[in-house]
Amino acid sequence: MRVGMVAVLCLAMGCGVWAQQPSAMGGAASGAPAKPVHDAENRPITAGGFVDSGPIVFEDDSKSSGLAKWKHVMGTPAKKYILETDGSGVGLIDYDNDGWLDIYMVNGSTYDALDGKTTPPHAALFHNNHDGTFTDVAAKAGVTNDRWGFGVAIADYDNDGWPDIFVANYGKNRLYHNNHNGTFTDVGEKAGITLGNWSDGVTWGDYDGDGKLDVFVTGYLHYDAHNQPSFGDPKVPDAFCQLRGMAVMCGPRGLKGEPDHLFHNNGDGTFTDVSVKAGVSDPGGYYGFTAIFADMENNGKQDLLVADDSTPNYLYHNKGDGTFEDDSYISGFAVNRDGREIASMGLAVGDYRNNGLLDILVTDFSDDYKVLYRNDGDLNFSDVSDEVGIASLPIPFLGWGTGLVDYDNDGWKDIFMVNGHVYPQVDQHDWGTSYAQRTLLFRNLQGEKFEYIPPVKGSGLAVVAPGRGAAFGDLFNDGKIDVVINPVDGPAVLLRNVNNDYHHWVELKLVGGAKSPRDAVGATVYLTANGMRQREDILSGGSFISSNDQRAHFGLGDAKDAGTAEIDWPSGIKETVKIPAVDRIFTITEGKGITGALCKGKRCRIR
């Protein structure tokens, strides 16, 4: 029986009651107010702390790429209500199957647009032009959404070989089916996944092993945009509408949560809501943000992680019979090392120690540390944030999108965090934080510690914006992981990876067979090369309500031998494939081995 320290504390404190009740503290922060932190020029560290020289890891290609022409809009700049504050996600998708990642940017909306008085802001689908630039083709493709958008997840739900798009909205959700000709059709109503209140995050995964991808949708608040709570509202205690005694937007504490939903794929274009039957309906009414299906126990079954805002996180253990067991507390994932729920926003999984186990990274509110949960095996997790050196520095930052990605191709997964506050009012006070914030990057020191990489003036890490959703992937097919950020009320941001290393790499695009999802979501790849064994999982969803590159990426350091890949397919088949060369993107089809290759973005010989 798995019983960790958190479980013991839980029993002692009576978690049967505590787990159902949000903290009594006001606002969204769950940690105590921290002392202000400033840089040498007396700027809040969240918008400063730049250095004159050092490694240039990312450059800001937002304008040169064309992404900055598009702007996210969500409510009003004053952010008087919580509906306006949470921002939207990013989906990386090769929608035309040309071997290059395109970008889907979810947009919010305005109150006038909700009432039909003005034209709503559009989502963007940026087509990759293969030359460092992108063109917005959302209108032509039929994916502008025109609803108050939040999360996005990419997957080939009907196994036809073309990726589709799920968009979670306030209001009805959309499921955009890929028509194979550069256009999409919204089949959400027919599919039965529209719901109708506030959906936030999305993840696809084959939880029952039938070869068809199912979809899980988080609910945030049960909300009425025409009757929004504000400071002084007698229905909401003032304590839930304050930050350090300052009146701010209300929530999420003090407001009613929206249930989560698991939809089973019926294989005929429709889905059935099995949330209650499967045991993942969120009866506590937690405030759901980002979710990920992933095999956390290495048994071939897709478990489910849910990052909840200001309420305990969920870890659902897949029992293999179509149902899940709530192991949130007993696993150690529900709360942090203090036994306290946090305002979880971003969620990433990855094997940062190269030991074959998936660890978990969670970003949360300012005045609190961000949490790295080490996987100790058998679904036991330990909060090691302080131990690995990432606890203190991010405290003033309010974290959203996040990734465990190998930015320098040395074979070790690093930590990237996207930040931005929810209260514009913080700029009026000397609290050492700011509304617009910069990103954070920590380099992995061989699984033992993480080293902070300071932002060089003028570089991508020095971009200051109210960040929200973010997606990670190789946009330029050069073997380097880039970052796309969707700031609230701002232009899109593209940080191109220009790290000055000469390390080799390999990427694997997987194609599932007859008994696996076609896009191989749920597959696990182990690559043995350069004296180490790395793990990559093919996932849909994560970061902050976003969807990353679904090609497995492996840094090889100085090794010129690409090694051998062991693939655990969702069907249960295990396959070993010798990778013939470095610095290429190989397509591997289940049961057929390598069936294609890209060299510098162009098709090339496999060997």
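So, Cys-250 is buried, at 0% relative accessible area, where buried means under 20%, exposed over 50% and partly exposed in between, with a 1.4 Å probe and protein chains only. Its partner Cys-241 is buried too, also at 0%. The two are joined by a disulfide, S to S 2.0 Å, and a disulfide here is a pair of cysteine sulfur atoms within 2.5 Å. That link is right-handed, with 105 degrees about the S-S bond.

Quick housekeeping: this is a predicted model, so local features need pLDDT of at least 70, side-chain atom pairs count only at pLDDT 80 or more, and totals for chains, interfaces and linings use all residues. Residues are numbered from 1 along each chain as its sequence is written, and side-chain values use heavy atoms, with hydrogens and water left out.

How many disulfides are there? The count is 2. Cys-599 and Cys-604 make another one, S to S 1.9 Å. Its torsion is about 70 degrees, so that one is right-handed. Cys-604 is partly exposed at 25%.

Now, salt bridges: a Lys or Arg side-chain nitrogen within 4 Å of an Asp or Glu carboxyl oxygen. The whole structure has 27. One of them pairs Arg-443 with Asp-408 at 2.8 Å, N to O. Arg-443 sits in strand E26 and Asp-408 in the loop between strands E24 and E25, so the pair ties together parts 35 residues apart in sequence; strands are DSSP runs of at least two residues, numbered from the N terminus. Asp-408 is buried at 4%, while Arg-443 is partly exposed at 26%.

Key: Helix = DSSP H or I, 4+ residues; strand = E, 2+ residues; numbered from the N terminus.
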